[in-house]
Amino acid sequence: MTTLPAPRTPDPMAAPALNWGVLGTGWIAERFIASVQRRTRQRFTAVASRDAARAEEFAARHGITRGYGSYEELVAAADVDVGYVATEHTAHLACARLALEAGKHVLVEKPLGLNAAQGAEIAELAASRGLFCAEALWTFFLPRFDVVRQVLDSGMLGEVRSVLADLGEYFDPAGGHRILRADLAGGPLLDLGTYPVSLATWVLGPAESVQASGQAHPAG
């Protein structure tokens, strides 16, 4: 191989159009909806929040058919095929379970769960119901990642034995960001550490052993 291969990423417009229900009205839901509406034929038919007025305002702003004041109402809707879970980390398990038990496919924002046990519970429930479930780790769906995958599979680089990966971001301690709140499962691992860790395992395979170190933050 003397040149980089072209990405094999499928055209998002070619995907069959489904009806989506959004659980959560935070900034990540805003960005997800905007991107999906711009790049695909998917339809958003419902959004839910624990605050009905907020859900209705959010729905009106994004051209979504209905806003619900509970997640239970949304997953019970007959015209919702897929639930997109965009709540706080601490609610991912409960919301994914709600959607799957209602017979809906589900896309869960990362992290899928707060730990391996929660992730396994969600995966097992989806499998037992014959439903599709995925974690929204968006980087793996970028065209450049498919190029890297082809380079690795071609053997161009020989045997890859080491991956060095790091990622950092600054958060103002006075800003009250969720990543600095222990009660909302904050901290760097679930939000940012996901990317370098998943890259390493994507290249080298599942970890056989893990060593980790960290330092305490004043917020806990």
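**Exercises: surface, loop and core**

L4 lies in the segment before β1 (19-23); strands are DSSP runs (E, at least two residues), as are helices (H or I, at least four), numbered from the N terminus. This is a predicted model: local features need pLDDT of at least 70, side-chain atom pairs count only at pLDDT 80 or more, and totals for chains, interfaces and linings use all residues. Residues are numbered from 1 along each chain as its sequence is written, and side-chain values use heavy atoms, without hydrogens and water.

**Exercise 1.** Decide whether L4 is buried or exposed.

*Solution.* Take the cut-offs: buried is under 20% relative accessible area, exposed over 50%, partly exposed in between (1.4 Å probe, protein chains only). L4 has 62%, so L4 is exposed.

**Exercise 2.** Place T25, classify it and find its polar partner.

*Solution.* Start with the place: T25 sits in the loop between β1 and α1 (27-39). Next, the relative accessibility of T25 is 8%, so T25 is buried. Last, the T25 side chain makes a polar contact with the side chain of R54 (2.6 Å). A polar contact is a pair of N or O atoms within 3.5 Å; within protein, one must be able to donate a hydrogen and the other to accept it, and residues adjacent in sequence count only if both atoms are side-chain atoms.

**Exercise 3.** Find which residues of the largest nonpolar core touch the most other members.

*Solution.* Define the core: buried Ala, Val, Leu, Ile, Met, Phe, Trp, Tyr and Cys residues joined through side-chain atoms within 4.5 Å. The largest has 23 residues, and L74 and L100 touch the most other members. Then look at helices: α4 gives the most to this core, with five residues.
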